[in-house]
Amino acid sequence: MKVVLYCRVSTEKESQETSLARQREELEKLSDSHGFQVSGVICDRASGYDLDRPGILDLLDTIENEKIDAVLVQDETRIGRGNAKIALLHFLYKKGIKVYCYAQNGELELSESDSMVLKIVSMVEEYQRKLHNLKIKRGMERAVKNGYRPEKNLKGKRNPDGRERKEVPVEEIIRLRDNGLTFQEIAATMRGFGYQVSKATVHRRYREYMEETGHDK
């Protein structure tokens, strides 16, 4: 497994350098004992309660760019403290990144309370995703019911004369708005059909159309 060694101290005092050196030494031993391949060593000098740490940002970049399998820490507090720790662990576990702990000589075992919080966070995130998808589905169903036919407008969907997906079909925005959909529902519907637009973009295009055609006077 490819791993990153993450070391952290809370201040930039010179006296903390020995702590960083000791953490690195311990994590190298942990890596050797498990036969890991060390891809990098990252050292932070910041509070564990902060998310905005140079080392953490470097760690996230390394995970994305080098296909890291695990992060090694001296103990769980080195990842972070309080909400910052929960947020970072949640991110790592979502990415499929394991966390190994020198203090536990193996994969990190969370406390019962931390495990419960992570489960709650995952459940909330899943339900938010379901609600978002349901909202898109409702908007799409309302649009189709009111006459919207995406196959006539999506180029590349066996309709060479249609519009490119990156364009915003203003005429459809107007028609959906006339059929009673909110700007947020229209944006969700457009995204469901492949147009990457926000509520603000939909509203702006609608206002531009109204001004150009004189309907806002």
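Here is a short talk about reading the fold, cores and confidence of a predicted model.

Colleague: Where should I start, and what is the secondary structure of the protein chain?

Modeller: Start with the elements and their order. The protein chain has 8 helices and 5 strands. Read from the N terminus, these elements follow the order β-α-β-α-β-α-α-β-β-α-α-α-α.

Colleague: Next, the cores. Which residues touch the most other members in the largest nonpolar core?

Modeller: Look for the members with many partners, then ask which elements supply them. The largest nonpolar core holds 19 residues, and Y6, L59, V71, I79 and L92 touch the most other members. At least two residues each come from β1 (2–9), α2 (54–66), β3 (70–73), α4 (82–94) and β4 (98–101). With 4 residues, α4 gives the most to this core.

Colleague: And which residues does the second, separate core include?

Modeller: That second core has 16 residues, among them V168, L176, V202 and M210.

Colleague: How do I read the chain as a whole, say, how many of its residues count as buried?

Modeller: Take burial, surface and contacts together. Of 217 residues in the protein chain, 37% count as buried. Its accessible surface is about 13000 Å², with 47% belonging to carbon and sulfur atoms. Among contacts with a separation of 6 or more, 67% link residues 24 or more positions apart.

Colleague: Finally, confidence. Where does pLDDT stay under 50?

Modeller: Check the average, then the weak stretches. The mean pLDDT of the protein chain is 83, and 89% of its residues reach 70 or more. Over residues 153–166, however, pLDDT stays under 50, although the model has 27 contacts beyond four places in sequence for them.

Key:
Residues numbered from 1 in each chain as written. Predicted model: local features only at pLDDT ≥ 70, side-chain atom pairs only at ≥ 80, totals over all residues. Heavy atoms only, no water. Core = buried A, V, L, I, M, F, W, Y, C linked by side-chain atoms within 4.5 Å. Buried < 20%, exposed > 50% of the residue type's maximum accessible area, 1.4 Å probe, protein only. Contact = heavy atoms within 4.5 Å. Areas by Shrake-Rupley, 256 points an atom, 1.4 Å probe, with all protein chains shown as cover. pLDDT = per-residue confidence, 0-100.
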